[in-house]
Amino acid sequence: MRIFSGIQPTGRKHLGNYIGAITQYVAGQDRGEAVYCLVDLHATTVPYDPAGLRESVYDTATTLLAAGLDPDRCIFFRQGDVQEHAELCWLLASVTAFGDLNRMHQFKEKSGAQRDLVSAGLFFYPVLQAADVLLYKTNEVPVGEDQRQHIELMRDIAERFNGRYGEIFSVPEARIPEVGAKIMDLQYPDSKMSTTGGSEQGTIYVLDEPEAVVKKVRSAVTDSGTEVRRARDKAGVSNLIEILAAVRGAEPEEVERGFDGSGYGAFKQAVADEVAAYLAPVRERYAELRSDEAELERILARGAERARSIAVETMLDVRRAMGVGPVRVSQ
Ligand code: TYM
């Protein structure tokens with residue numbers, strides 16, 4: 001079974017990314033052939049600083065390595081190193097419905113936030129994402145809840161392509177965790193935790209100092225009640241329950257039972273301490289690994305070479321099926 005996921009090398013990665021996606025990437029290494037990609041081409045769809053992008057690639061690469069990605073047990077690379085992603089993106093455009101792209105929630109949110117230019121790249125973002133996944137004939141895509149619609153779209157693209165040109169692609173399944181698929185902002189628990197849209201105080205970064213984590217959790221917005229249980233009108237507490245369950249690898253019900261009658265103070269303190277302890281080893285490991293950029297480049301280059309060997313094969317099939325590019329007689 002092949003697993004693929006991508007992560008943006010932008011901003012600082014937060015607890016939502018960590019719980020919703022990164023822990024699943026690490027687990028994926030034991031479950032199948034895992035391929036993980038830092039999507040620098042996607043990062044160009046909104047205004048960015050080119051020199052800063054390179055730095056962010058190193059930051060994000062180091063975060064993933066610190067979290068437990070092992071370049072010997074997965075293929076770990078930078079999207080822009082493997083040109084086949086861009087080529088397949090264009091070819092998949094022929095089987096992508098304009099109307100579907102127009103319906104993407106993420107496009108609506110992100111385009112609404114742009115001040116100068118809504119780039120065509122932003123509109124095309126999901127097609128490039130489909131190319132990332134389909135290029136590796138992927139079976140499973142670990143992501144958080146916010147990517148569900150993009151996965152549905154790439155399934156449609158794969159099916160339409162296979163129907164029109166022959167069975168080339170696997171139709172991928174989303175793997176969305178039961179607990180922690182949508183971690184919410186601690187200050188605005190009706191919005192998801194996010195680097196671009198969230199609040200600074202409500203966003204826990206993977207690299208936050210333990211004291212900062214404790215402070216943010218302790219000042220998390222809750223309701224005026226006292227009961228530690230999930231409910232529609234208790235978005236803040238529900239989010240903290242979900243976070244603690246994910247950190248403990250437990251069910252949210254167990255967390256609720258464990259804090260029955262204890263009030264919000266003790267509960268928040270436990271969440272604060274446990275999240276801080278959960279992230280501390282990643283932060284420490286990050287500090288050890290980040291400075292050796294030559295080593296990071298070496299890891300990514302080797303990953304790109306391995307990724308390319310799969311991508312090139314898929315593109316031979318795709319070009320042949322679509323009748324584009326040079327004729328290959330000996331295939
Ligand atoms: P990115 O970098 O924005 O997000 C990386 C992963 O983190 C998940 N996530 C969350 N999970 C739980 N709670 C949250 N608050 C939260 N916020 C983010 C996201 O669902 C994602 O899994 N479009 C992708 C990047 C991408 C990709 C791909 C993913 C490009 N190509 C191919 C899968 C397959 C993204 O938004 O990354």
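## Side-chain pairing and domain contact in a predicted model

At 22% relative accessibility, D317 counts as partly exposed. The structure described here is a predicted model, and D317 is a useful place to enter it, since this residue takes part in a salt bridge with K137, whose side chain meets that of D317 at 2.8 Å, N to O. K137 sits in the loop between α7 (120–134) and β4 (140–142), whereas D317 belongs to helix α13 (residues 293–322), so the pair ties together parts that are 180 residues apart in sequence. K137, with a relative accessibility of 25%, is likewise classed as partly exposed.

### Salt bridges

Side chains of opposite charge can pair when their charged atoms come close. The structure holds 27 salt bridges, and the table sets out some of them, including the one just described.

| Salt bridge | Distance, N to O |
|---|---|
| K137 and D317 | 2.8 Å |
| D223 and K234 | 3.4 Å |
| E295 and R298 | 2.9 Å |

In the bridge between D223 and K234, which spans 3.4 Å from N to O, both residues lie in the loop between α9 and α10 (235–248), so the pair ties together parts that are eleven residues apart in sequence. D223 is partly exposed at 24% relative accessibility, while K234, at 6%, counts as buried because the limit for that class is under 20%.

The bridge of E295 with R298 belongs to helix α13, where the two residues are three places apart and are therefore separated by about one helical turn. E295 has a relative accessibility of 31% and is partly exposed; R298 is also partly exposed, with a relative accessible area of 46%. Elsewhere, E55, D59, R290 and E293 are joined into one network by salt bridges that share partners.

### Aromatic rings

The count of aromatic pairs comes to nine. One of them is formed by Y25 and Y36, whose ring centres are 4.9 Å apart and whose planes meet at 25°, and it counts as stacked because planes under 30 degrees apart are placed in that class. Y25 lies in helix α1 (residues 15–31) and Y36 in strand β2 (residues 33–38), so this pair links parts that are eleven residues apart in sequence. Y25 is buried, at 2% relative accessibility, and Y36 is buried as well, at 1%. Ring pairs also link F4, F77 and Y136 into a cluster, and R12 lies over the face of Y205, at 4.0 Å from the ring centre.

### Domains and the residue M184

The chain is divided into domain 1, covering 2–175 + 292–322, and domain 2, covering 210–288; nine residues from domain 1 and nine residues from domain 2 take part in the contact. The C-alpha centres of the two domains lie 31 Å apart. The size of an interface is often given as the accessible area lost when the parts come together. Between domain 1 and domain 2 the buried area is about 790 Å², of which 78% is given by carbon and sulfur atoms, and zero salt bridges are found across this interface.

M184 is found in the loop between β5 (173–175) and α9 (210–218), and it counts as buried at 13% relative accessibility. Apart from neighbours within four places in sequence, M184 is in contact with P189, D190, S191, K192, M193 and N239. From C-alpha to C-alpha, M184 and P252 are 15 Å apart in space, with their positions 68 residues apart in sequence.

Key. Residues numbered from 1 in each chain as written. Predicted model: local features only at pLDDT ≥ 70, side-chain atom pairs only at ≥ 80, totals over all residues. Heavy atoms only, no water. Phe/Tyr/Trp six-rings, centres within 6.5 Å; stacked < 30°, edge-to-face > 60°. Helix = DSSP H or I, 4+ residues; strand = E, 2+ residues; numbered from the N terminus. Buried < 20%, exposed > 50% of the residue type's maximum accessible area, 1.4 Å probe, protein only. Lys NZ or Arg CZ within 6 Å of the ring centre and 35° of its normal. Domains from an automatic or database assignment. Contact = heavy atoms within 4.5 Å. Buried area = accessible area lost by both parts, 1.4 Å probe. Salt bridge = Lys/Arg side-chain N within 4 Å of Asp/Glu carboxyl O.
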